[in-house]
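Biologist: Could you walk me through the charged and aromatic contacts here? I would like to hear the reasoning behind each label.

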Amino acid sequence: MRLGRRELRVFFLGKHSAIKGRNVLLREKKNSGLLKRFAFMVSGPKKSAAARNLTRRRLYEIIRAEASVIPPGWDLVFSTKLSQKKAIGFLELKEDLKNVLHKADL
């Protein structure tokens, strides 16, 4: 269910739409198959690898729980940026992710 590097390169070379939430930016594109594919990008200041990895793991868990709601045939790339060396809270991420998915009509 994850987009690899090659698929991400193709994704960003083509046209896609973007929906911005408070913490999360969703880029979406219809794919030709019947798969739901996801990618997560978390950026932040140097020396914050633990916070970036924790945020990425939280996003994986939220999407795993919400995957049944998302229809097949979509490539979704979620990105977020950490402003400090602290991870974004789980409930805050979950609320923002649900809001972004609702705006995207998924």
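**Charges and rings**

Modeller: Happy to! The structure holds 4 salt bridges, and please keep in mind that this is a predicted model.

Biologist: What makes Arg 22 and Glu 92 a salt bridge?

Modeller: Their closest N and O atoms are 3.1 Å apart, and the cut-off is within 4 Å, so the pair qualifies. Arg 22 sits in the loop between strand E1 (17-20) and strand E2 (24-30), while Glu 92 is in helix H3, 70 residues apart.

Biologist: Why is Arg 22 called exposed?

Modeller: Its relative accessibility is 63%, and exposed means over 50%, so the label fits. Glu 92, at 33%, counts as partly exposed.

Biologist: How do you know that Lys 98 and Glu 66 form a salt bridge?

Modeller: The closest N and O atoms of Lys 98 and Glu 66 are 3.8 Å apart, which is still within 4 Å, so this pair counts too. Lys 98 lies in helix H3 and Glu 66 in helix H2, so the salt bridge ties together parts that are 32 residues apart in sequence.

Biologist: And why does Asp 96 have no salt bridge?

Modeller: The nearest side chain of opposite charge, Arg 22, is 5.9 Å away from Asp 96. A salt bridge needs a distance within 4 Å, so that one does not count. Asp 96 is buried, lies in helix H3 (residues 90-103), and touches Gly 21, Arg 22, Asn 23 and Val 24, not counting residues up to four places away in sequence.

Biologist: Now the rings, please. How many aromatic pairs are there?

Modeller: The count comes to 3 aromatic pairs.

Biologist: Why is the pair of Phe 40 and Tyr 60 called edge-to-face?

Modeller: The ring centres are 4.7 Å apart and the planes stand at 90°. Centres within 6.5 Å make a pair and planes over 60 degrees apart make it edge-to-face, so both conditions are met. Phe 40 lies in strand E3 (residues 36-43) and Tyr 60 in helix H2 (residues 49-66).

Biologist: What makes Phe 40 and Phe 78 stacked instead?

Modeller: Here the angle between the planes is 15°, with 5.6 Å centre to centre. Planes under 30 degrees apart count as stacked, so that is the label. Phe 78 belongs to strand E4 (residues 74-81), 38 residues apart from Phe 40.

Biologist: Which residues make up the aromatic cluster?

Modeller: Phe 40, Tyr 60 and Phe 78 form one cluster. Arg 2 also lies over the face of Tyr 60, at 4.2 Å from the ring centre.

Terms used:
Residues numbered from 1 in each chain as written. Predicted model: local features only at pLDDT ≥ 70, side-chain atom pairs only at ≥ 80, totals over all residues. Heavy atoms only, no water. Helix = DSSP H or I, 4+ residues; strand = E, 2+ residues; numbered from the N terminus. Buried < 20%, exposed > 50% of the residue type's maximum accessible area, 1.4 Å probe, protein only. Lys, Arg positive; Asp, Glu negative; His and termini not counted. Contact = heavy atoms within 4.5 Å. Phe/Tyr/Trp six-rings, centres within 6.5 Å; stacked < 30°, edge-to-face > 60°. Lys NZ or Arg CZ within 6 Å of the ring centre and 35° of its normal.
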